[in-house]
Amino acid sequence: GTVVEVGITAGSQSVTRLGGGTAAITVPAGTVKSGQTARVYYLNSRGQLILMPGSYDAEDNTVTYSTPHLSKYVVLTQNKQTGSFKDVASTAWCADAVEFASVSGLFQGTSTTTFSPNASMTRAMLVSVLWRMEGKPAGAKSVNFSDVTADAWYADAVNWAAANGIVGGYTAETFGPSKQVTRQQLAAILARFAKYCGYDVSGTADLGKFTDQAQIGSFAKA
């Protein structure tokens, strides 16, 4: 693949973060054969390749991707994965996102041919996505949740997430793997995961604009 380094300099200062905004960047795709596509990956400080959301333009032979930060990126050519899930039409609003999540290994299908785009996300599903994003690291041997058996498909992810303070138990003894994730739970979990990854999570906003802000749990407000 081709390594591309993108940066902005303001005077003598190098700008890497975009203050909450994003930039659309177009780069040459290199040699792309028939039946292939090109994708852009972010090369993080830990040497991991993180797939970036974007699209390949066969006519111009370029890849355009969106990013909230500027750094080193790797352009790779790969075989196309089209029509992987029979329940996600190529014209569906979520088609590109589903392909992104599937190709990057974050989400798996609910079967070999179905994605179940309208199904609810459970706590087990969410910690598994974050665990895969982080490269499937080893976690604690056991966090002693009575509802997480050692041979459960999500056990390693739950142990890792709990051991690193990313997701706590539903109660002191239970994790609630099959319980649906609420929006406030997701916000809290993503904030903890970002902190775990070393991102700056000190930014705050006024929640007063939300008419239901009084319903936000104390655990999730920050």
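**Packing of helix 2, the four-stranded sheet and aromatic pairs**

The buried residues of helix 2 pack against helix 3 (155-163) and helix 4 (183-196). In this predicted model, helix 2 spans residues 123-133, and 9 of its 11 residues are buried, so the helix is largely enclosed by the rest of the structure. The buried positions are Arg123, Ala124, Leu126, Val127, Ser128, Val129, Leu130, Trp131 and Arg132. The list thus includes two arginines, Arg123 and Arg132, alongside residues such as Leu126, Val127 and Trp131. Helix 2 is followed by Gly135, which has a positive phi, near 95 degrees.

Arg123 of helix 2 also takes part in a contact with an aromatic ring: this arginine lies over the face of Phe175, at 4.6 Å from the ring centre. Phe175 has a relative accessibility of 0% and therefore counts as buried.

In total, 9 aromatic pairs were counted. In one of them, the rings of Phe145 and Phe175 have their centres 5.6 Å apart and their planes at 50 degrees, so the pair is tilted. Phe145 is located in the loop between helix 2 and helix 3, and Phe175 in the loop between helix 3 and helix 4; the pair therefore ties together parts that are 30 residues apart in sequence. Phe145, at 10% relative accessibility, counts as buried because the cut-off for this class is under 20%. Phe175 thus has both the ring of Phe145 as a pair partner and Arg123 over its face. Elsewhere, ring pairs link Tyr42, Tyr65 and Tyr73 into a cluster.

Two members of this cluster, Tyr42 and Tyr73, fall within the residue ranges of strand 5 (residues 36-43) and strand 9 (residues 72-79), respectively. These strands belong to an open sheet of 4 strands in the order 1-9-5-6, with antiparallel pairing. Strand 1 (2-5) and strand 6 (49-51) form the edges, each pairing on one side only. On average, neighbouring strands of the sheet are turned by 40 degrees against each other, direction ignored. Strand 5 and strand 9 run antiparallel and are joined by 7 bridges. Within this pairing, Gln36 has Asn79 of strand 9 as its bridge partner.

The sheet is also contacted by a helix. Helix 1 (residues 95-103) lies across strand 5, strand 6 and strand 9, and runs at about 65 degrees to strand 5. Of these strands, strand 6 is an edge strand, whereas strand 9 and strand 5 are placed between strand 1 and strand 6 in the sheet order.

How values were computed:
Residues are numbered from 1 along each chain as its sequence is written. This is a predicted model: local features need pLDDT of at least 70, side-chain atom pairs count only at pLDDT 80 or more; totals for chains, interfaces and linings use all residues. Side-chain values use heavy atoms; hydrogens and water are left out. Buried means under 20% relative accessible area, exposed over 50%, partly exposed in between (1.4 Å probe, protein chains only). Contact means heavy atoms within 4.5 Å. Two strands pair if DSSP finds at least two bridges between them. Axes are lines fitted to C-alpha atoms, for helices over the stretch in contact, and angles run from 0 to 180 degrees between N-to-C directions. Rings of Phe, Tyr and Trp (its six-membered ring) pair if their centres lie within 6.5 Å; planes under 30 degrees apart count as stacked, over 60 as edge-to-face and the rest as tilted. A charge sits over a ring if NZ of Lys or CZ of Arg is within 6 Å of the ring centre and within 35 degrees of the ring normal.
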